[in-house]
Amino acid sequence: MKKIFLLFIILTLATFMIAGCGGAVEEPKENVQQEQSEAEKQEATPSEDTSYPDKPITVTISYSAGGGTDTGARILLPYVEEILGVPVNVVNRPGGGGWVGWTYLLNQEPDGYTIGYINTPNLMTGYLNPEYNRDKSIDDFDLISNHVLDYGAIAVKADDDRFQTIDDLIEYAKKNDLTATSTGVGSDDHIAALKVNDEVGTKFVAVHGKGAAHGKAGVMGGHIDVLFANVGEATVPHKNGELRVLAVMSPERSEFLPDIPTLEEKGYGKIYSWSARGIAAPKGIDPEKLQVLSDAFAKAMANAEHIKKMNEMGLAVKPLIGDEYYQFLKDDESGVKKVSHLMGW
Amino acid sequence: MRRAVHQDVFIGIVMVIISVLLYAKSSTMPEGAAQFPTIILTLFSIFGLVITIGGVGKTRAANSKQAEEPKIADSREEVLSFSKIKMPFVSILIVAAYVILLSVLGFFVATSIFIIGFMMFYRVRSWKKIFLTVFCIDLFVYLLFIIQLNVPLPKGLLF
Amino acid sequence: MVTLFLINWATILQIMEKLLSIETILALIVGTIGGMIIGALPGLSATMGVALLIPVTFGMDPVSGLTMLTAIYTSAIYGGSISAILIHTPGTPASAATALDGYQMTLQGKGMKALGVTTISSMIGGVISAVALLFLAPPLSLISLKFNAPEYFLIAVFGLTIIGSLSAGSMVKGLASGVFGMVIALIGVDILTGYPRYTFGISSLESGISLVPAMIGLFSLSQVMIQVEKMGTKSVKFTGELKGKVLPTMQEFKSIFPTIIRSSFIGIFVGMLPGAGGDIGSWVGYNEAKRFSKHPEKFGTGIIEGVAAPEAANNAVTGGALIPLLTLGIPGSATTAVLLGGLFIQGLIPGRELFTTHANITYSVIFGFIIANFLMGIAGLSAARLLVKVTEVPSSVLAPIIVVFSVVGSYAINNNVFDIYVMLFFGLAGYLMRKTGFHPAPVVLAIILGPLAENGFRQSLILSRGNMLDYFMSRPICLILIALIILSLFSPMILNRFKERQTTKAKEGISTSS
């Protein structure tokens with residue numbers, strides 16, 4: 001009896017200890033919160049009937065903590081919190097290529113207190129691939145705003161003498177098989193390689209791996225020939241001289257890689273590839289609440305500090321709201337459908 | 001007294017059945033995806049057969065050498081009997097009930113009920129001890145998970 | 001090499017200044033002790049601990065924030081072994097190997113000694129890896145790039161050869177347990193074709209069976225069930241009597257020292273490979289200790305080498321895994337993948353800049369990491385006497401506590417109720433397996449290594465453009481690994497024959513072989 005008691009004392013003491021110390025460390029954060037509440041007072045709602053939001057909002061993220069989506073969200077959400085004046089909490093629900101989280105999100109009440117990140121093209125490939133038997137689509141979401149738009153990039157190892165320019169690479173790849181990185185079947189990187197194969201007649205063979213790090217290590221180590229990735233992933237190794245980006249797959253040059261041509265300007269046609277992530281709510285949310293959220297996110301995304309932090313990570317902020325965002329996702333969907341035969345669906 | 005068939009026979013047969021069922025499912029898979037499962041399942045069924053045969057051997061040995069001293073096969077291996085596994089099975093049923101309750105009553109209520117139930121099942125008669133345990137676990141989990149780490153716990157329909 | 005020249009006195013002074021701030025010291029203590037607690041609780045792994053505390057580091061200075069995260073990383077890996085040893089409940093997947101000998105020691109009443117050995121081995125492993133990180137990060141990161149699909153395939157095969165030696169009882173059942181683990185690992189979306197294998201339409205199965213819930217079920221819940229069996233016999237405890245000291249004697253320390261050093265290097269090496277983390281490192285460390293041991297048959301019965309080996313290795317993985325992370329931005333383990341997010345949030349981009357422009361931050365964090373390892377050792381040794389009291393709690397109280405934490409841990413890993421059912425299933429399976437001569441350890445090992453083997457093999461098939469054999473033969477590291485595998489498969493036979501010849505005259509009756 002005495003001994004059990006001792007154990008509990010140890011455990012509770014230990015908890016209090018970290019609770020106490022953690023609190024001390026978190027002190028600066030509390031100050032921020034105070035400032036937030038002051039900011040909230042200043043923004044005290046002029047329209048009286050809109051009490052929304054008056055309790056914490058949960059943002060589901062369909063990928064693990066510390067991943068790209070998660071990090072980007074955690075950079076943005078404090079600014080949203082500041083504007084909305086209620087806590088905005090992140091809950092990670094990884095698994096099923098993102099669909100564990102999205103299925104959960106779609107099953108929540110559309111009361112505006114549970115919203116989540118949606119990622120393209122994983123969202124589309126998840127419901128377009130008939131193997132998965134999913135009866136959901138973009139139309140099951142009410143869209144709040146896009147956040148990040150990361151275009152595709154093609155890179156080789158920095159000391160790969162075979163390819164100085166994108167033309168060298170494509171000429172070679174028309175005649176020979178070249179291995180290309182991919183973050184999985186139906187990932188944006190995979191779709192990008194398929195699009196190039198389809199349009200130009202190259203013979204890139206995708207080597208599917210887990211995550212962008214796998215591909216980067218493969219190309220840097222000289223095991224895989226070509227890196228198909230996103231600008232956000234390729235910029236830093238390009239600047240460090242570990243990789244050489246040959247082209248980007250966007251309508252315009254990337255602000256992070258102004259010297260790198262697009263495939264389009266090199267005359268290979270309109271081959272665009274991107275992964276985008278934004279915030280959505282389950283269908284049926286009150287339009288006024290949706291408006292509150294869209295406004296808050298738009299304002300937070302315009303914050304210069306937020307943009308600077310995102311740019312440091314090599315991520316371009318691209319706010320899109322309302323119909324524009326919907327149209328953007330629909331385009332994405334038809335882009336995936338166009339290459340679906342290449343994936344064997 | 002005739003001894004029953006050795007448990008290994010059943011284990012082996014179950015392994016073979018599982019392999020065959022899963023093997024059948026792999027026929028609809030794309031070629032690349034099916035390759036590795038077929039190898040693994042073949043191995044699994046071979047092991048199933050070997051264990052079955054070994055089990056048959058053990059059954060025979062047990063039946064013939066009934067009078068002799070029981071064979072010391074393996075210290076980790078025991079012959080399962082209903083009386084021996086009854087209580088552990090009851091315990092896992094209690095845990096299963098707890099897990100189901102979690103999605104109805106939410107974490108703290110379900111956990112409290114579970115601890116009381118499990119300790120009573122363990123024939124703890126001191127209510128003081130039981131409530132102290134309930135209180136301390138709930139407090140600990142609350143402080144660590146809710147207050148400190150901000151980890152969401154299973155929510156129920158009611159709480 | 002480059003790094004050596006960069007450390008001059010001015011930097012060292014700056015580093016000291018940064019490390020001696022109140023905030024950093026506090027962060028170190030919180031990280032170390034918090035990490036130990038998080039690690040010791042089943043289900044709250046090192047990865048989760050780091051992920052959960054990243055938001056806290058938002059408002060902190062980069063040095064204190066990152067030092068706290070690395071301190072959590074190393075001490076959570078260590079903390080996981082405490083519960084593995086005392087109550088057969090590995091707190092993190094990296095501690096599963098420690099449970100084998102550690103729990104046996106506890107049963108024999110040597111729990112205190114096991115904790116002491118664990119603490120010392122973990123500390124030494126962690127410090128050696130941190131020193132490697134400090135001095136050798138750039139050259140080692142180049143080596144880690146030499147590994148790709150074919151090498152990962154061979155490493156997985158090499159790892160799987162351990163299964164044969166893990167099975168203390170029937171070899172057939174040990175191997176069958178391993179194959180069972182491989183069958184479990186088949187579940188989920190096949191990376192190379194995108195086909196959902198054996199998911200039966202359940203989304204939660206698409207990313208496969210999560211390792212943590214499966215492991216908690218196989219080890220912890222099954223342990224609870226075994227305890228329940230003994231219910232009714234008076235004063236039921238999880239373990240035997242307590243005796244002995246925390247610190248190993250000088251002689252004992254000398255006997256495990258080579259093991260610790262060997263395991264530390266294995267750990268650094270496994271850690272710096274992007275495809276392998278602490279869960280694999282500890283097994284390899286354990287197996288190599290067994291292979292080099294003069295008395296391999298005693299492994300699994302509760303000997304200190306069996307505790308020291310996986311422990312030094314899994315903590316050495318931490319420093320090793322930071323090497324490619326900091327130099328190349330390629331995480332060496334699941335936890336460092338999360339740490340990458342922590343770096344980004346502080347505006348630190350991995351790569352050369354970390355060692356030039358941001359050198360004082362980077363080196364301060366590495367020094368902080370070394371201190372964290374020592375702190376962990378001191379905290380562990382002084383708490384051992386207290387911690388070991390857990391084993392004196394009657395199982396009527398301990399059993400429900402373990403169940404509650406198993407449930408919380410399984411849920412918290414993915415915030416998914418489905419994982420609790422996975423845990424339940426594996427609890428039952430683990431219990432039945434342990435009762436019928438199978439063993440849960442090969443299952444866990446195979447769940448980790450199965451996908452590594454499969455994907456490595458199939459990716460090599462693409463990379464080699466159909467010409468596998470030539471491709472493997474053209475890669476020197478592959479040849480070394482193949483030689484190691486052959487050696488590992490046949491060395492027990494050769495050694496046995498050698499030993500039999502030596503001991504024929506001394507032996508008379510039944511040996512361990514059955």
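**Salt bridges and a helix pair**

User: What makes Lys174(A) and Glu171(A) a salt bridge in this model?

Analyst: This is a predicted model. In it, the closest N and O atoms of Lys174(A) and Glu171(A) are 3.6 Å apart. The cut-off is within 4 Å, so the pair counts as a salt bridge.

User: Why are Lys174(A) and Glu171(A) about one helical turn apart?

Analyst: Because they sit three residues apart in helix α6 (residues 166–175) of chain A.

User: Why is Lys174(A) called partly exposed, and what about Glu171(A)?

Analyst: Partly exposed lies between the 20% and 50% marks. Lys174(A) has 33% relative accessibility, so that label fits. Glu171(A) comes out at 38%, so it is partly exposed too.

User: How do you know that Asp70(A) and Arg74(A) pair up?

Analyst: Their closest N and O atoms are 2.8 Å apart, and the limit is 4 Å, so this is a salt bridge. Both residues belong to helix α3 (residues 68–84) of chain A, and being four residues apart puts about one helical turn between them.

User: Are Asp70(A) and Arg74(A) buried or exposed?

Analyst: Asp70(A) is buried, and Arg74(A) is as well. That label means under 20% relative accessible area.

User: What about Glu312(A) and Lys308(A): what makes that a salt bridge?

Analyst: The closest N and O atoms are 3.4 Å apart, which is within 4 Å, so it qualifies. The two are four residues apart in helix α11 (residues 304–312) of chain A, so about one helical turn separates them.

User: Why do Lys308(A) and Glu312(A) get their exposure labels?

Analyst: Lys308(A) has a relative accessible area of 53%, so it is exposed, the mark being over 50%. Glu312(A), at 35%, is partly exposed.

User: Which residues do shared salt-bridge partners join into one network?

Analyst: Asp160(A), Arg162(A), Asp225(A) and Arg465(C).

User: How many salt bridges are there over all chains?

Analyst: The search of the whole structure finds 23.

User: Now the helices: how do α2(B) and α9(C) pack?

Analyst: Helix α2 (residues 31–64) of chain B and helix α9 (residues 171–186) of chain C pack at about 145°, with axes 9 Å apart. Their crossing is left-handed. Among the residues that meet are Phe36(B), Phe44(B) and Phe47(B) in α2(B), and Val172(C), Phe180(C) and Leu186(C) in α9(C).

User: What classes of residue make up the contact of α2(B) with α9(C)?

Analyst: There are 17 nonpolar and two charged residues, with no polar ones. Lys counts as charged, so Lys58(B) and Lys173(C), both in the contact, fall in that class.

Definitions and conventions: Residues are numbered from 1 along each chain as its sequence is written. Chains are lettered from A and ligands numbered from 1 in the order in which they are written. This is a predicted model: local features need pLDDT of at least 70, side-chain atom pairs count only at pLDDT 80 or more; totals for chains, interfaces and linings use all residues. Side-chain values use heavy atoms; hydrogens and water are left out. A salt bridge is a side-chain nitrogen of Lys or Arg within 4 Å of a carboxyl oxygen of Asp or Glu. Buried means under 20% relative accessible area, exposed over 50%, partly exposed in between (1.4 Å probe, protein chains only). Axes are lines fitted to C-alpha atoms, for helices over the stretch in contact, and angles run from 0 to 180 degrees between N-to-C directions. A crossing is left-handed if the near helix is turned anticlockwise from the far one by less than a right angle, and right-handed if clockwise. Contact means heavy atoms within 4.5 Å.
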